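Let us take a friendly walk through this model, going from its strands to a few side chains that deserve a closer look. Have the viewer open and follow along.

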Amino acid sequence: MLGLGASVPKGGNVGGVDAYNYSVALDGDDYLTVSDHDSLSFNDNGSNDTNLSISCWVKVDDLSGTSYQGILIKGEEYNLSILSLHNRLHFSRVDDNANAYIGKISTNNSIQEGVWQHVLITCDDSEAVSGINIYIDGSVSFSANGTGGTYTASHNDATDLFIGRSGAHGGSLG
């Protein structure tokens, strides 16, 4: 189940994306789009963030290159990507109204080629980088905090959610 009623049957095909063993194989050009819905935005429709957790299994076959490989992108609200250059995870919450963000980057080489890894992101409602945690295979993994501008809160930007696409960064998970 991909959420909000969208599903890919085992052995099925959705827009050229093959599903097998209850996972989706993305070859670098494919991605999934989930239509925008208020339940995909983690704010109170005002000026406050709400708690957010993202959990997924990822397996990347090729980490060469220097670009971002998108895992989960929701417009200018939040972004979970792999930084291919150092095999790191990057998560950020974006305040598009203030052109600002808060985020964390995992330790070097925390993502491995050809290995299924469990990724968990948790964010509390503090609107501070200290409220973000990255877990890989059950262990906390982060080496750097990132901030830019004066972050207040993310805002519902009415954009679709992309799985396996990097949005503005280009490149896809594959």
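Helices and strands here are DSSP runs, at least four residues for a helix (H or I) and at least two for a strand (E), and they are numbered from the N terminus. With that naming, A158 can be placed in the loop between β13 (144–148) and β14. Please keep in mind throughout that this is a predicted model.

While you are at A158, have a look at its backbone. Its phi is near 55°, a positive value in a residue other than glycine. A158 has a relative accessibility of 55%, and because exposed means over 50%, it counts as exposed. E127 makes a good companion to visit: its phi is near 60°, again a positive value in a residue other than glycine. E127 sits in the loop between β10 and β11, and with 22% relative accessibility it counts as partly exposed.

Now step back to the sheet. Seven strands form an open sheet in the order β4-β14-β6-β7-β8-β9-β13, and their pairing is antiparallel. At its edges stand β4 and β13; each has a single partner strand, so one side of each is left without a neighbour in the sheet. On average, neighbouring strands of this sheet are turned by 20° against each other, direction ignored. Inside the order you can pick out strand β6 (residues 68–74), which pairs with β7 in the antiparallel sense over six bridges. To find the register there, start from Q69, whose bridge partner in β7 is I82.

Next, turn to β5 and β10. These two strands run antiparallel and are joined by seven bridges. Two of the partnerships are handy landmarks: I54 has I121 as its bridge partner in β10, and L52 has C123.

What should we expect of the side chains along such strands? In a regular strand they alternate between the two faces of the sheet. Along β5, L52, I54, C56 and V58 point to one face and are buried, whereas S53, S55 and W57 point to the other and are not. Strand β10 (residues 117–123) also alternates: Q117, V119, I121 and C123 are buried on one face, while H118, L120 and T122 point to the other and are not buried.

From β10 the path goes on to strand β11 (residues 132–136). Five bridges pair β10 and β11 in the antiparallel sense. Within that pairing, T122 stands opposite N133 in β11.

Let us finish with the side chains, beginning with the aromatic rings. Rings of Phe, Tyr and Trp pair if their centres lie within 6.5 Å, and by this rule the count comes to two aromatic pairs. One is formed by Y31 and F162: the ring centres are 5.7 Å apart and the planes stand at 75°, so this pair is edge-to-face. Y31 lies in the loop between β3 (23–25) and β4 (32–34), and F162 in strand β14 (residues 161–163), so the pair ties together parts that are 131 residues apart in sequence. How accessible are the two partners? Y31 is partly exposed, with a relative accessible area of 32%, while F162 is buried, at 17%.

The other pair is F42 with Y78, where the ring centres are 5.8 Å apart and the planes are at 55°, so the pair is tilted. This pair, too, links distant parts of the chain: F42 is in the loop between β4 and β5 (52–58), Y78 is in strand β7 (residues 78–83), and they are 36 residues apart. Y78 counts as buried, at 5% relative accessibility.

Each pair leads on to an arginine worth viewing. Back at F162, R165 lies over the face of the ring, at 4.6 Å from the ring centre. At F42, the backbone oxygen is reached by the side chain of R93 at 2.8 Å. Which strand holds R93? You will find R93 in strand β8 (residues 88–95). Is R93 buried or exposed? With a relative accessible area of 1%, R93 is buried. A polar atom of the R93 side chain also lies 3.1 Å from the backbone oxygen of T50.

Notes: Residues numbered from 1 in each chain as written. Predicted model: local features only at pLDDT ≥ 70, side-chain atom pairs only at ≥ 80, totals over all residues. Heavy atoms only, no water. Phe/Tyr/Trp six-rings, centres within 6.5 Å; stacked < 30°, edge-to-face > 60°. Buried < 20%, exposed > 50% of the residue type's maximum accessible area, 1.4 Å probe, protein only. Lys NZ or Arg CZ within 6 Å of the ring centre and 35° of its normal. Pairing = 2+ DSSP bridges. Axes fitted to C-alpha atoms, helices over the stretch in contact; angles between N-to-C directions. Polar contact = N/O pair within 3.5 Å; in protein donor to acceptor, adjacent residues only side chain to side chain.
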